[in-house]
Amino acid sequence: MEERLMNEKTTAELENLRGLIDGVDQQLLHLLRKRLDLVAQVGAVKHGAGLPIYAPQREANMLAKRREEAKAMNVAPQLIEDILRRLMRESYLNEKDVGFKQVKADLGHVVIVGGEGKLGGLFSQMLTLSGYEVRSLDKDDWLNSEAIFAGAGLVIVTVPINITCDLIAQKLTNLPANCILADLTSIKTAPVEAMLAAHSGPVLGLHPMFGPDVGSLAKQVVVVCHGRDSEAYQWLIEQIQIWGARIVETESTKHDKAMQLVQAMRHFSSFVYGLNLYKEEADIESLLQFSSPIYRLELAMVGRLFAQSPELYADIIFAQEESLVAISDYLDNYSQALSLLKSGDRDGFVAQFEEVSRWFGDFAPQFQRESRAMLQSVNDMKTG
Ligand SMILES: C=C(O[C@@H]1C=C(C(=O)O)C=C[C@H]1O)C(=O)O
């Protein structure tokens, strides 16, 4: 269509400029190749020295300098920052090609109970890339479990939450005395207690705060709840940090309380949102056509839930009885807010809104800034 409206001169000019742009893009591509090669060399040096690829301080310095230079060249600083951040993500992904430093060489092997699960698979991959021998123990392997556990230096339990504690109590009572017992469950109090009761050696609870589809652990958070004998498993914490993750140490009760909101309530309301679209027989195709970027992001958040296993979400939502309180409170607040609407109390709504804004404080503008970048990339992803 565009071409039809143009006269020959315009067409020639555009063709010429587009050719030049193609040339610049090709140069960019060559520069990217060059950068990837240099980063790979950095990766090899760091690997040799046992350093993690992810270097937050170097990144901050580099970004600050490039932003300054961009300003001086009349290039939007955010543009170079976006590009460099995307490139750095690539650097973390490529680290998997060289592998990671092994912090504890004399461990013996690792057993992942539930290694065929997605998260188990991810940890198995990361440990293997770090030089450990990893064996998976799944449903059909219990007859051989004695042989599998013999000589193990680390056992990681990553099975559905609703069977975690029983499995620990019934099947993990005869591990080698010095073996470390850890779990990856998304609640911590009950599993850590069960591990402490079943095993007299080192125990720790871990909660990776991400799904198994992350390409790299760089910048991801892993929660650690200490159980027993932390010197014995300090190396594991260092190993996880070498993978680029940030460790957040906390009390299991505090963690579990946060999960009632961060996971149970949040996922439950996403579930209801999806349920509601279904019951309203919403036409997703046309909703997408009318969608603003924030709505699209919200649909993505809700829709991705239904691309995953219902058991996983049932486990997370049903994991703690206390979550029922958080979820019921949400319903109460919804009802109260709805009554403002029903009674046409616009002023009441505005007053309530302002009260919540004040409570959010500096977080509100912070979240607005963060979402701006996300919304822009949501918009970039559009193809039509
Ligand atoms: C390449 C390095 O490693 C990582 C990747 C970086 C990059 O892609 O520029 C920068 C810092 C590190 O997180 C480095 O340390 O220079």
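# Exercises on a predicted three-domain chain

The largest share of the shell around the ligand, 3 residues, is contributed by α3. The model is predicted.

## Exercise 1. The ligand shell

Task: Find which residues surround the ligand, and state which elements give two or more residues to the shell.

Solution.
- Step 1. List the residues. The ligand is surrounded by Val39, Val42, Ile53, Tyr54, Ala55, Arg58, Glu59, Leu87, Met88 and Ser91.
- Step 2. Assign elements. α1 (8-49), α2 (56-72) and α3 (77-98) each give two or more residues to the shell around the ligand.
- Step 3. Sort by class. The shell around the ligand holds 7 nonpolar, 1 polar and 2 charged residues.

## Exercise 2. The chain and its annotations

Task: Describe the protein chain as a whole, then compare the makeup of residues 8-99 with that of residues 108-371.

Solution.
- Step 1. Count elements. The protein chain has 15 helices and 7 strands.
- Step 2. Take the extent. Along the principal axes, the C-alpha atoms fill a box of roughly 80 × 65 × 40 Å.
- Step 3. Check burial. Of the 384 residues of the protein chain, 23% count as buried.
- Step 4. Check contact range. Among contacts in the protein chain with a separation of 6 or more, 69% join residues 24 or more positions apart.
- Step 5. Read the record for residues 8-99. An unreviewed UniProt entry lists them as "domain: Chorismate mutase". Over residues 8-99 the chain is 88% helix and 0% strand. The end C-alpha atoms of this stretch are 56 Å apart.
- Step 6. Read the record for residues 108-371. The UniProt annotation, again from an unreviewed entry, is "domain: Prephenate/arogenate dehydrogenase". Over residues 108-371 the chain is 57% helix and 14% strand. Here the end C-alpha atoms are 45 Å apart.

## Exercise 3. Domain 2 against domain 3

Task: Give the domain bounds, then describe the contact between domain 2 and domain 3.

Solution.
- Step 1. Set the bounds. The protein chain is divided into domain 1 (3-98), domain 2 (109-250) and domain 3 (255-380).
- Step 2. Take the spacing. The C-alpha centres of domain 2 and domain 3 lie 32 Å apart.
- Step 3. Count the contact residues. Domain 2 gives 11 residues and domain 3 gives 9 residues.
- Step 4. Locate the domain 2 side. α6 (161-171) and β6 (221-228) are the elements that give two or more residues to the side touching domain 3.
- Step 5. Sort that side by class. The side of domain 2 that touches domain 3 has 5 nonpolar, 5 polar and 1 charged residues.

## Exercise 4. The nonpolar cores

Task: Work out why the largest nonpolar core lies between domain 1 and domain 2.

Solution.
- Step 1. Find the hubs. The largest nonpolar core has 50 residues, and Leu154, Val155, Ile156 and Leu181 touch the most other members.
- Step 2. Find the main contributor. Strand β3 (residues 152-157) gives the most to this core, with 5 residues.
- Step 3. Place the core. Domain 1 (3-98) and domain 2 (109-250) both supply residues, so this core lies between them.
- Step 4. Look for another core. A second, separate core of 8 residues includes Ile187, Ala264, Phe268 and Ile316.
- Step 5. Follow one hub. Beyond its neighbours within four places in sequence, Leu181 is in contact with Val155, Leu172, Leu175, Met195, His199, Gly201 and Val203.

## Exercise 5. Two residues and their surroundings

Task: Decide whether Leu204 is buried or exposed, and do likewise for Gln239.

Solution.
- Step 1. Place Leu204. Leu204 sits in strand β5 (residues 203-208).
- Step 2. Apply the cut-off. Burial needs 20 or more other C-beta atoms within 10 Å. Leu204 has 23, so Leu204 is buried.
- Step 3. Name its partners. Neighbours within four places in sequence aside, Leu204 contacts Ala182, Val224, Cys225, His226, Gly227 and Tyr233. The C-alpha atoms of Leu204 and Gly227 are separated by 4.6 Å.
- Step 4. Turn to Gln239. Gln239 is in helix α8 (residues 230-242). With 22 C-beta neighbours inside 10 Å, Gln239 counts as buried.
- Step 5. Name its partners. Neighbours within four places in sequence aside, Gln239 contacts Val103 and Ser130. Gln239 and Lys104 are 135 residues apart along the chain, yet their C-alpha atoms are separated by 8.4 Å.

## Exercise 6. Positive phi

Task: State where Asn74 and Asp229 lie, and how exposed Asn74 and Asp229 are.

Solution.
- Step 1. Recall the background. Most residues other than glycine have a negative phi.
- Step 2. Take Asn74. Asn74 has a positive phi of about 60°. Asn74 is in the loop between α2 and α3. Asn74 has 6 other C-beta atoms within 10 Å, so Asn74 is exposed.
- Step 3. Take Asp229. Asp229 has a positive phi of about 65°. Asp229 lies in the loop between β6 and α8. With 15 C-beta neighbours inside 10 Å, Asp229 counts as partly exposed.

Note on methods:
Residues numbered from 1 in each chain as written. Predicted model: local features only at pLDDT ≥ 70, side-chain atom pairs only at ≥ 80, totals over all residues. Core = buried A, V, L, I, M, F, W, Y, C linked by C-beta atoms within 7 Å. Buried ≥ 20, exposed ≤ 12 C-beta atoms within 10 Å, placed from the backbone. Helix = DSSP H or I, 4+ residues; strand = E, 2+ residues; numbered from the N terminus. Domains from an automatic or database assignment. Contact = placed C-beta atoms within 7 Å. Near = placed C-beta within 6 Å. Nonpolar A, V, L, I, M, F, W, Y, C, P; charged D, E, K, R; others polar. UniProt positions renumbered as here; feature names shortened; annotations may be inferred.
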